[in-house]
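This report looks at charged pairs, an aromatic pair and the surroundings of one polar side chain. Please keep the sequence and the structure in view while reading.

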Amino acid sequence: MMKVIVRTEKAGVFFCEIKERDGSEGVILNARRLYYWDGAATLSQMAVEGVKKPKNCKFTITVPEMTILGIIEILPCSDKAVKSIEGVEEWKA
């Protein structure tokens, strides 16, 4: 399955795989919420290049499956971006 970055209206931004989608609602797999990132000016840049400052990023733990509402953007990730994003340590308390 392709890794993507999904931006929603109110739930934030996720790095995940899309299992199913119906309009602006979707079921996503292996999802990490991208709470804060450094080293990419935009989500578009992150989807192509990844992040340049992974130690400054706040990417949550991986949730196996969830339903999200209000999808407004889906960005396919390059292999380089996937490796970069997956290399960011989990941010948790």
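Is glutamate 86 buried, partly exposed or exposed? Glutamate 86 is partly exposed, with a relative accessible area of 43%, a value that, like the others in this report, comes from a predicted model.

## A network around lysine 3

Side chains of opposite charge can pair when their charged atoms come close. In this model the count comes to six salt bridges, and among them are two that involve lysine 3: a pairing with glutamate 86, in which the closest N and O atoms are 3.4 Å apart, and a pairing with glutamate 17, for which the N to O distance is 3.6 Å. Lys3, Glu17 and Glu86 are thereby linked in a network of salt bridges.

Both pairs connect distant parts of the chain. Lysine 3 lies in strand 1 and glutamate 86 in helix 2 (residues 79-86), with their positions 83 residues apart in the numbering. For the other pair, glutamate 17 belongs to strand 2 (residues 13-22) and lysine 3 to strand 1 (residues 3-8), and these two residues are 14 residues apart.

The accessibilities of the three residues can be set side by side. Glutamate 17 has a relative accessible area of 11% and is buried, and lysine 3, at 17%, also counts as buried because the limit for that class is under 20%. Glutamate 86, at 43%, is partly exposed, since this value falls between the 20% and 50% limits.

## A salt bridge after helix 2

A further salt bridge joins the side chains of glutamate 90 and lysine 92, with an N to O distance of 3.5 Å. Glutamate 90 is partly exposed at 39% relative accessible area, whereas lysine 92, at 58%, is exposed. Tryptophan 91 is placed in the segment after helix 2, and this residue takes part in the aromatic pair described next.

## The aromatic pair and the nonpolar patch

The model contains one aromatic pair. Its members are tyrosine 35 and tryptophan 91, whose ring centres are 4.8 Å apart and whose planes meet at 20°, so the pair is classed as stacked, the cut-off for that class being under 30 degrees. This pair, too, links distant parts of the chain, as tyrosine 35 is found in strand 3 (residues 25-36) and tryptophan 91 in the segment after helix 2, 56 residues apart.

Tyrosine 35 counts as exposed at 54% relative accessibility, and tryptophan 91 counts as partly exposed at 36%. Together with Tyr36, these two residues form a nonpolar patch on the surface, and the accessible area of Tyr35, Tyr36 and Trp91 together is about 350 Å².

## Threonine 60 and its contacts

Threonine 60 sits in the loop between strand 4 (58-59) and strand 5 (63-68). Threonine 60 is buried, because its relative accessible area of 18% is under the 20% limit.

Which residues does threonine 60 contact, leaving aside its neighbours within four places in sequence? With those neighbours set aside, threonine 60 is in contact with Arg32, Arg33, Glu90 and Trp91. To one of these, arginine 33, the side chain of threonine 60 makes a polar approach, reaching the backbone nitrogen at 2.9 Å. Two others have appeared above: Glu90 is a partner in the salt bridge with lysine 92, and Trp91 belongs to the nonpolar patch.

Conventions:
Residues numbered from 1 in each chain as written. Predicted model: local features only at pLDDT ≥ 70, side-chain atom pairs only at ≥ 80, totals over all residues. Heavy atoms only, no water. Salt bridge = Lys/Arg side-chain N within 4 Å of Asp/Glu carboxyl O. Helix = DSSP H or I, 4+ residues; strand = E, 2+ residues; numbered from the N terminus. Buried < 20%, exposed > 50% of the residue type's maximum accessible area, 1.4 Å probe, protein only. Patch = residues over 30% accessible without salt bridge, like charges linked within 9 Å, V, L, I, M, F, W, Y side chains within 5 Å. Areas by Shrake-Rupley, 256 points an atom, 1.4 Å probe, with all protein chains shown as cover. Polar contact = N/O pair within 3.5 Å; in protein donor to acceptor, adjacent residues only side chain to side chain. Contact = heavy atoms within 4.5 Å. Phe/Tyr/Trp six-rings, centres within 6.5 Å; stacked < 30°, edge-to-face > 60°.
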